[in-house]
Amino acid sequence: MKKVYVNCQPYGYLTAVAENGKLIEIIRDDDANASVVGNIYAGIVKKINTGFIFLDIGLVKQAFLDTRDHRERSLFHEGKLEVKQGDTLIVQVLRDGIGDKGCIATSSISYAGRYIVLSKSVEGDKINISKKIKENVELRRLHAIGEKHVPIGFSAIFRSEAEGQEEDKIILEIPKVAEKFVHHAEWQHVKAPAVLFEEPPIIKTLREIVTDDIDEIMVDDAATCELLGQYGSKLKYYDGAESIFSKSFLKTQIDKVREKRVWLKSGAFIVIEQTEACVVIDVNSGKQVVTKRDDASLKVNMEAAKEIAYQLRLRNLSGIIIIDFIAMKSPDDVASLTELLRKEMIKDRIPNVVVGMTTLGLMEVTRKRMRSPF
């Protein structure tokens, strides 16, 4: 059974996903860590460099957009950029800022529902389907729904959650999402920098993590529970005296998330270090005796690979990830380890690539940056 637990805190939310009692994801939304992805701002153009526009949107760090992206074609006329320093530009955040970098923005505004994302694109009316949906019959079904019901002038992306959903449910959502564009005419007179549109962080978080395989969403705050009413019978209000995480036996697991050393059942352990440039993970034999035989090293490495894939998801570690497995001489064993790691990483909802073993004998993995680590 897969459950989501939402803990309302003084400055935000702590949301946990557990499967059969095991913590698999933890997300913090507070003043310091709340995602601004999807928020829309009126920004002041502060600087234009080759290919990039930097804007003051009212956050600590300037946002920037890449003018080479096809989504920014509306900023050009006959191949010439029509934006200059001091202009006001309405943008939407695509990715949160990380470290010293500000957030990435776009001038192409879209709104997301549970099943569909709508935008007014310079590309004209287009219907796209999530790459996670593979079945040809389903692809054709969703495309037909889009062709019939998406309003003229809009482009649409059917999200993975639309797969297998009743047509009536999807159709009902389309006008609700399209209606949000009505307010755009009012924005032309707003003084920048200003926030034009933002959703409560918990709504954005649950949109990311709640899929059809979630059996229950337990929330410990009545007002938040009402806010999330769209989730219907899956939504449960918890008003017990004991904290929601203690009641669900997740508190101990959450407390361990930031520990650098993670012990494996065999007695081996991994050490996780996050640096500014990348994440480095070292696999150690620990109490597990590793002989010169490759099969002993492979056994420890295979166990470590499963735990590493789990920890990357749990801690939301992203960017370049370098893993120093116990050395193995057999190319077949290296191939088996790489294949296992790829298989485990498929379980991750965040896009990732297991690049493979480098010439220095280090495994390289990349994982898309979506929000700050826990």
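**Exercise 1.** Find which exposed residues of α2 lie on the face turned away from its buried side, and work out why the buried residues line one face of the helix.

*Solution.* The outward face of α2 carries D168, L172 and K176 as exposed residues, where exposed means over 50% relative accessible area, buried under 20% and partly exposed in between (1.4 Å probe, protein chains only). This is a predicted model, in which local features need pLDDT of at least 70 and side-chain atom pairs count only at pLDDT 80 or more, while totals for chains, interfaces and linings use all residues. Residues are numbered from 1 along each chain as its sequence is written, and side-chain values use heavy atoms, without hydrogens or water.

Next, list the buried residues of α2, which are I170, E173, I174, V177 and A178. Viewed down the helix axis they fall within an arc of 125 degrees, so they line one face; the arc is taken from the directions between the axis and the C-beta atoms.

Finally, ask what covers them: the cover includes β11 (110-112), β12 (116-119), α1 (136-149) and β14 (155-158).

**Exercise 2.** Identify the residues that touch the most other members of the largest nonpolar core, and the element that gives the most to this core.

*Solution.* A nonpolar core is a set of buried Ala, Val, Leu, Ile, Met, Phe, Trp, Tyr and Cys residues joined through side-chain atoms within 4.5 Å. The largest one has 34 residues, of which V4, L206 and I217 touch the most other members. Among the elements, β2 gives the most, with 5 residues.

Technical notes: Helix = DSSP H or I, 4+ residues; strand = E, 2+ residues; numbered from the N terminus. Contact = heavy atoms within 4.5 Å.
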